Amino acid sequence: MLLSNYVDAFTTASLGVLFKNTMIVGIVSTLLSLVITILTAFAFARLEFKGKELLFAALLATMMIPGELFTITNFATVTNLGWRNTYTVLIVPFLVSVFYIYLLRQNFLQIPNELYLAAKVDGTSDLKYLWKVMVPLSLPTLISITILKMMGAWNSYIWPRLVANDEAHRLITNGLRNAFTDTTGDVNYPVQMAAVALVSAPLFLVFVFLRKYIMSGVSRSGIKG
Amino acid sequence: MKIVLQNLTKIFPSRNKKSNEEVVAVNNFNFEIPDGKLIGLLGPSGCGKSTTLYMISGLQKPSSGRIFFGDDDVTELSTENRGIGLVFQNYALYPHLTVKQNILFPLQNLRGKDKMDKNAMLDRAYEAAKLVQIEQLLDRKPSELSGGQQQRVAIARALVKMPRVLLLDEPLSNLDARLRLQTREEIRRIQKETGITTVFVTHDQEEAMSISDMIVVMKTGLVQQIGKPQEVYDDPANLFVAKFLGTPPINVFSGRVKQGKLYIGEDAVMEFTNVPDQEVTVGIRPEGFILDDNGPLKCKPVNVEVMGRDVSIVSTHGASLNPLVRSIVNADNRIDITGDFVRYAVKPHKIFIFNKETEERIYFEVK
């Protein structure tokens, strides 16, 4: 193990750009995804509208279609939209996750109805109730979702390779794959492994720091009986 | 602030679409709640008392009828604009907020001219906390409080907005017996101190009787009787009210009136002037029995329960509609249940007779 390998890894693979790209995609998609998930889960858990159950069942049904199946149609769609080699194409297609919505909706449903009624008596709007009561109470789930989504963005390989593999938008997984193979086809394994270690570090740190939130959870005991 | 309920009705549509069976939860409720009084809504579960409370709060819309606070018609007004405080059965405190934040929560939502600055809000919160005596708990989370303390926090949160009306939904049902006694005194004290018109719902008749200025007895959506607790107890309008109030419960017998005499089984217990001959249901309060060796009512003794000040004699009687007849007599009496019979005379004002079919009260004059 040579320290110089780490330095080499940074320079040959232009890790800085790769990191930046992955960060942008990871953070933006996680934030947008959280907003969408929270609002959708709230609608399915709290609001009353026609066809709610049916719509939710339809959403759940989409989970049965394996992701590989729509890779090709997605590719065609984003190409037609002219989104190839942009950040948009890396972020938008996977913003909505039915699984996260389902997870959070179940969590929202566990919050006692009386809290909502109490908030109504106190003059709280739906949105404010969502923000001030439901979100804090569901924090462990939201943190789990954040970690999963972050990891998903960090680890994504096939989709970025297909639609955004130019220098400016390449993500870290593809960067690692390409950068250390020289023209003869030999792979410089020591440097590649050093790069892999560097790349794993941020995700590892995220997990370490958020762990206590995942474990602890928020106590629900404002309710008796 | 007086509250007027006018022909208040709530009908829930049938859950089952085919059957079209509607549930009438509250049926044509008329009542004027006087300003500054404590009113107990009393009845068995499913009688519509909570629905009535929720309609007053605005969380449920009445199917028909009007609600007035003072002279304002609030029927169409949304909950937050009615100026009410509501305490839920399970308190519904926000578990992630401290006690202080919980009490501040209603104030932070005030808008427009009612908007308060931070210090004013804090003052108000301290005031409310002081009223329910939880000043020293302000920085705790609800999970770190006992049931009784959580209950006080819930009351403080309801009072902090200085509501025109305070509504309590089964406020004591989650407390243990001792705490319940203590807390109901507390509620009475707070209500007296603030002078806020208060309505509370309970299925516990003792609780309602002990602290209410007036009680409303309900059954299957219909108001059975409204009055001061003692009046309702002494003068029930029908068999249901008579049975519902009082511990131990009233003793019920099937009986009949024949030629001005009231018979329970073969025992002629009373004479009166103005009741025509008919089959009746007779209710006798446990304290309405007098031990008397020549008394007309003969019961078979089973057991004697000593309760300290009083003694309860458990016996059976052929005409009793309850399995056991329970009387309460002063412990000074020498109780002898070794004989075949224990004989009672009855106090006329503790005995009620009801129409056998309608179960309505039949009033009589003692000869």
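This talk covers the contact between chains A and B and one sheet of chain B.

Good morning, colleagues. Please keep in mind throughout that the model is predicted.

Let me begin with the interface. On the side of chain B, 22 residues are in contact with 21 residues of chain A. Where in chain B do the elements lie that each supply at least two residues of the side touching chain A? They are the strand β6 (84–87) and the two helices α2 (99–108) and α4 (147–159). As to composition, the side of chain B that touches chain A holds twelve nonpolar residues, nine polar residues and one charged residue.

I turn now to the sheet. In chain B, six strands form an open sheet with antiparallel pairing, in the order β13-β12-β11-β14-β20-β21. Why do β13 and β21 (361–362) of chain B each have one side without a neighbour in the sheet? Both stand at the edges with a single partner strand each, so one side of either strand is left free of a neighbour in the sheet.

Consider the β13 edge. Strand β12 of chain B, residues 261–264, is joined by four bridges to β13 of chain B, residues 267–271, and the two run antiparallel. Within this pair, B:Leu262 is found opposite B:Met270 of β13(B). The hairpin that β12(B) and β13(B) make has two residues between the strands, and B:Gly265 in that hairpin adopts a positive phi near 60°.

At the β21 edge, β20 of chain B, residues 351–355, pairs with β21(B) in the antiparallel sense through two bridges. Here B:Ile353 has B:Ile362 in β21(B) as its bridge partner.

Thank you for your attention.

Notes:
Residues are numbered from 1 along each chain as its sequence is written. Chains are lettered from A and ligands numbered from 1 in the order in which they are written. This is a predicted model: local features need pLDDT of at least 70, side-chain atom pairs count only at pLDDT 80 or more; totals for chains, interfaces and linings use all residues. Two residues are in contact if their C-beta atoms, placed from the backbone, lie within 7 Å. Ala, Val, Leu, Ile, Met, Phe, Trp, Tyr, Cys and Pro count as nonpolar, Asp, Glu, Lys and Arg as charged, and the others, Gly among them, as polar. Two strands pair if DSSP finds at least two bridges between them.
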